[in-house]
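Trainee: I would like a close look at a single part of this structure, with an eye to how far each statement can be trusted.

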Amino acid sequence: MTADVSAYGHPYGHPPHVTAALMMRGIFQEARARLTAGAAATVVPEGHPNAMPQLTEEPGAPGAPAAATEPDLLRWATAGSVDDGKSTLVGRLLHDSKSVLADQLEAVSRASSGEGPDLALLTDGLRAEREQGITIDVAYRYFATPRRRFILADTPGHVQYTRNMVTGASTATLTVILVDARKGVVEQTRRHAAVAALLRVPHVVLAVNKMDLAGYEEAVFASIAAEFTRFATGLGVPDVTAIPISALAGDNVVEPSTRMDWYRGPTVLEHLENVPVAEEGGEGDTEAPARFPVQYVIRTGEVRRYAGQLASGALRVGDRVTVLPSGRSTTVTGIDVLGTETGAARAPQSAALRLADDLDVSRGDLVVPARALPTVSRDIDAAVCHLHERPLRPGDHVLLKHTTRTVRAVVRRIAGTGRLALNEIGQVQLRTAEPVAFDAYAASRRTGSFVLIDPGDGATLAAGMTGETAPELPDANG
């Protein structure tokens, strides 16, 4: 059975190539942060989202840049049904954590119709959003506290914009799913939980909102939390935390509520500041096998450097590596990060490698440890979210973009109805013209994801996750 994931990207027209964010995770944010820090190091305070991470030497590798120390970075997204209060929660979080500039707050106050500022306007930035009173596009916000930096994505709740939730959650370590305490768990709540499970978001927070309208009753919260937790854990979500809140009144958002003394858990901000950032097989997992997609070949005289961004793990000088899909092995003889020679690099750093042997390495190749190889195959089985008005059918010829590699492919089989319409999720088998080196999406969200592109007009057709099973959900279109 297929499931709706609704309008991916901008709500008008076909989805733009923003879907490539599924693979290009973090590279532009890293470049922006480092360039900003280099140009204005004296005016960017420590902990600001644009501040450059401090690098320290890694034991055993002199001069090697290590991962950023505190405050680290958490990417998180909101989700939930219409009018559950997502934008108000984000606005309250920004306001009460003093992450809103005075001129922003003044502008929101002028645009608000009530006595106080309408905090939802801090994220509902599009004119159509303000006019309709709903969130349409994904609103990204950057803020920081003394403990951690944050990139949040406030995603729409309306069913026709569910794929925007896919956009925000595809790079998130944590998703906050809101429910209205008066309505409980509804179909869209289950849909968003299923998408979070499919995208392997490691941490899910159930924020039971509008507790003020439910009399702050513990029994109401406990019933909703139990129902959602059973459903989410059944989908394979590894970590579920339920928090009773009132985004409008500020209860348990930044400050603990004095009206729910029966609750002893963390506030939303406290949980965001303390949840583990590292995800298994992801950028923060230093034990994950190294994956280095080659983006560009730099030639200086007789020396070749292979530039790219580490998708996972770490590479060190002296490591024995294999270049895929050719399968030829060599040794790393040098690593440059930001133009400086170092002993090691780890995800998500961008780096340039020098190799001992003169191999034929080009854009799209994958450099991996010789002892930890991914799958190399022309046959790919994946769960696919279809994003285009034109249905996907067996026999369709497409381009498959995986990390920095683009190859021709053909759709061999689609489970169920044998076709995928706009907004549907289904199981698809693909055959590529050339071998592709990939991991299961469960092991790596970077090297286990891809997009399908129309070879004729370049339109993005679908986003896929290798080795995943499409969830069985009711079709939201019908």
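Trainee: Before we turn to D84 and the helix that follows its loop, how many contacts beyond four places in sequence does the model have for residues 126-136, and below what value does pLDDT stay there?

Mentor: The model has 27 such contacts for residues 126-136 (a contact being heavy atoms within 4.5 Å), while pLDDT, the predictor's confidence in each residue from 0 to 100, stays under 50 over that stretch. Where pLDDT is low, the predicted coordinates should not be read in detail. This is a predicted model, in which local features need pLDDT of at least 70 and side-chain atom pairs count only at pLDDT 80 or more, whereas totals for chains, interfaces and linings use all residues. Residues are numbered from 1 along each chain as its sequence is written, and side-chain values use heavy atoms, with hydrogens and water left out. The mean pLDDT of the protein is 80, with 72% of its residues at 70 or more; over residues 1-68, however, pLDDT is below 50, although this stretch has 173 contacts in the model beyond near neighbours in sequence.

D84 sits in the loop that links β4 (72-80) to α2 (86-96), where helices (H or I, at least four residues) and strands (E, at least two) are DSSP runs numbered from the N terminus. D84 is buried (under 20% relative accessible area with a 1.4 Å probe, protein chains only) and yet has no salt bridge, which would require a side-chain nitrogen of Lys or Arg within 4 Å of a carboxyl oxygen of Asp or Glu. The nearest side chain of opposite charge (Lys and Arg counting as positive, Asp and Glu as negative, with His and the chain ends not counted) is that of K183, 4.9 Å away. A polar atom of the D84 side chain lies 3.5 Å from the backbone nitrogen of D180, and D180 also appears among the contacts of D84 beyond four places in sequence, together with L178, V179, N209 and K210.

Following the chain from this loop into α2, one finds a mostly covered helix, with nine of its eleven residues buried, namely K86, S87, T88, L89, V90, G91, R92, L93 and L94. The cover over these buried residues includes β4, β5 (139-144), β6 (148-154), β7 (174-180) and α8 (268-274). Just after α2, K98 takes a positive phi of about 60°. For the wider setting, the protein has eight helices and 24 strands, and 56% of its 478 residues count as buried.

Conventions:
Buried means under 20% relative accessible area, exposed over 50%, partly exposed in between (1.4 Å probe, protein chains only). A polar contact is a pair of N or O atoms within 3.5 Å; within protein, one must be able to donate a hydrogen and the other to accept it, and residues adjacent in sequence count only if both atoms are side-chain atoms.
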